[in-house]
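Visitor: I'd like a close look at a single part of this one. Could you pick a helix, walk me through its packing, and then show me what lies around it?

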Amino acid sequence: MGRLDYLVTGAKGQLGRAVMALLQRRGLGALGVDVQEMPLEDRAAIQRTVAAAAPRRVLHLGAITNVDGCDTDPLLACRVNGLATAWVAEAAAAAGAGLVYVSTDFVFDGTLAGTPIPVDAAPKPLSTYGLSKRLGEEAVLAHGRPGFHVVRTSWVFGPGGKNFPRAILDRARSGQPLKVVTDQIGRPTMTLDLAEALVDLAEANAPGGVWHAANEGQCSWHRFAQDILQAAGLGHVAVGTQTAADHAASVVAAGRPAPAARPAWSVLDTTKLAQLRGRPLPHYTDALRRHLELDRDAQVAPDTAPGGTLRGKTY
Ligand SMILES: NC(=O)c1ccc[n+]([C@@H]2O[C@H](COP(=O)([O-])OP(=O)(O)OC[C@H]3O[C@@H](n4cnc5c(N)ncnc54)[C@H](OP(=O)(O)O)[C@@H]3O)[C@@H](O)[C@H]2O)c1
């Protein structure tokens, strides 16, 4: 029997589900693991799992992705997102496997406004989450191995589970007021398109290092909410505006901890990946249209999150 193609961590997460489905469609063998099968707090479990699977490549997606939650337990965030990534990298190297580690635009402080952020820009995280993911990046890059990649992405959404488009539509359909942040600009990125890019990169035997993967286009969260309503035939629903600072103040006024700081400018420069694949990822509005078709069947009860504001799942 040949070698297993992929070991995927975070396989039950929103990106993990898309990656597992894609690998199956491409006829690539994959073992998906999540909290139950391979807790990232457990170095021995990581070593055991990777050694037993002996995959050609590891796609490391598992992480604590609750950005605000990371502030409440920084040690756990850094252990799961940072230290565990060092353990995954160590185990992948020992197994002679390639590694793709998915990271985030939140490793940047967002002060380069106006210019897409190049892959070699200096990271400067604003939040515990961003710092913990940067620790993971450093652990992967320290190996300097040709098959080890860090892929930063941003504002991820996809069918199934909790996602920003669904939260906006649920709120609009139930007549609740919408107020969305205007002064954070980024690139919404669909799980299905990102999964294609990650597997293409892994299969291309591309040089190791840092890559940026995001759908084309750019927008504020407010503009994205308007795009979502328009695409769903609800373009008549008004979307109120607020700044990130107003949002934070309203959260604190409601008695909850202040949200973690997020970069005002998150537009990743994806040229390097587009050159490798011969094309960029599709525009986010195209991705949104496909997402709404796929997510329609999965509609669930209206979002019941407290407070009158929305800013995306956790980003
Ligand atoms: N979502 C975004 O907007 C975004 C943006 C940029 C980068 N990323 C990165 O993309 C990757 C995938 O994100 P996603 O959106 O698919 O997030 P997700 O839906 O939260 O998936 C992450 C998965 O990791 C699992 N996990 C959490 N703690 C773990 C632990 N201690 N041990 C083992 N598994 C654990 C989660 O399980 P539970 O659900 O049970 O906790 C979940 O299944 C992450 O590395 C994230 O940092 C995401």
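Guide: Here is a tour that starts at helix α6 and then moves out to the loops, a strand and the ligand. Keep in mind that this is a predicted model.

Let's begin with α6 itself, which spans residues 164–173. The helix is mostly covered, with eight of its ten residues buried. Those buried residues are Phe164, Pro165, Arg166, Ala167, Ile168, Leu169, Arg171 and Ala172, so the list includes two arginines, Arg166 and Arg171, if you count a residue as buried when 20 or more other C-beta atoms lie within 10 Å of its own. What does the covering? Among the elements over the buried residues of α6 are β6 (156–157), α8 and α11 (284–295).

Of those partners, take α8, which runs over residues 221–231. A pair of packed helices is described by the angle between the axes and the distance between them. For α6 and α8 the angle is about 65 degrees, and the axes sit 10 Å apart. Angles of 65 to 115 degrees count as roughly perpendicular, and α6 and α8 are therefore roughly perpendicular to each other. Their crossing is right-handed. On the α6 side, the contact is made by Pro165, Ile168, Leu169 and Ala172; on the α8 side, it is made by Ala225, Ile228 and Leu229. Sort the residues of this contact by class and you get seven nonpolar, no polar and no charged. Pro165, Ile168, Leu169 and Ala172 also appear among the buried residues of α6.

Now step off the two ends of the helix. Just after α6 comes glycine 175, with a positive phi of about 75 degrees. On the other side, the loop between β6 and α6 holds glycine 160. With 15 other C-beta atoms within 10 Å, glycine 160 is partly exposed. Glycine 160 also has a partner from far along the chain: aspartate 295 is 135 residues away in sequence, yet the two C-alpha atoms are 6.0 Å apart.

While we're on phi, most residues other than glycine have a negative value. Two loop residues here go the other way. Alanine 54, in the loop between α2 (43–53) and β3 (57–60), has a positive phi near 45 degrees. Alanine 54 is exposed, with 12 other C-beta atoms within 10 Å. Asparagine 205, in the loop between α7 (191–203) and β10 (209–212), has a positive phi near 50 degrees. Asparagine 205 counts as exposed too, because it has 9 C-beta neighbours inside 10 Å.

For a contrast, go to strand β4, where valine 102 lies. Valine 102 counts as buried, with 26 C-beta neighbours inside 10 Å. Leaving aside residues up to four places away in sequence, valine 102 touches Leu15, His60, Leu61, Val151 and Thr153.

Leu15 takes us to the last stop, the ligand. The ligand is surrounded by 26 residues, and the closest are Gly10, Gly13, Leu15, Ala63 and Val156. Two elements, α1 (14–25) and β4 (98–104), give two or more residues to this shell. The largest share, three residues, comes from α1. By class, the shell has twelve nonpolar, nine polar and five charged residues, whereas the contact of α6 with α8 has seven nonpolar residues and none of the other classes.

Key
Residues numbered from 1 in each chain as written. Predicted model: local features only at pLDDT ≥ 70, side-chain atom pairs only at ≥ 80, totals over all residues. Near = placed C-beta within 6 Å. Helix = DSSP H or I, 4+ residues; strand = E, 2+ residues; numbered from the N terminus. Nonpolar A, V, L, I, M, F, W, Y, C, P; charged D, E, K, R; others polar. Contact = placed C-beta atoms within 7 Å. Axes fitted to C-alpha atoms, helices over the stretch in contact; angles between N-to-C directions. Parallel < 35°, antiparallel > 145°, perpendicular 65-115°, else oblique. Left-handed = near helix turned anticlockwise from the far one by under 90°.
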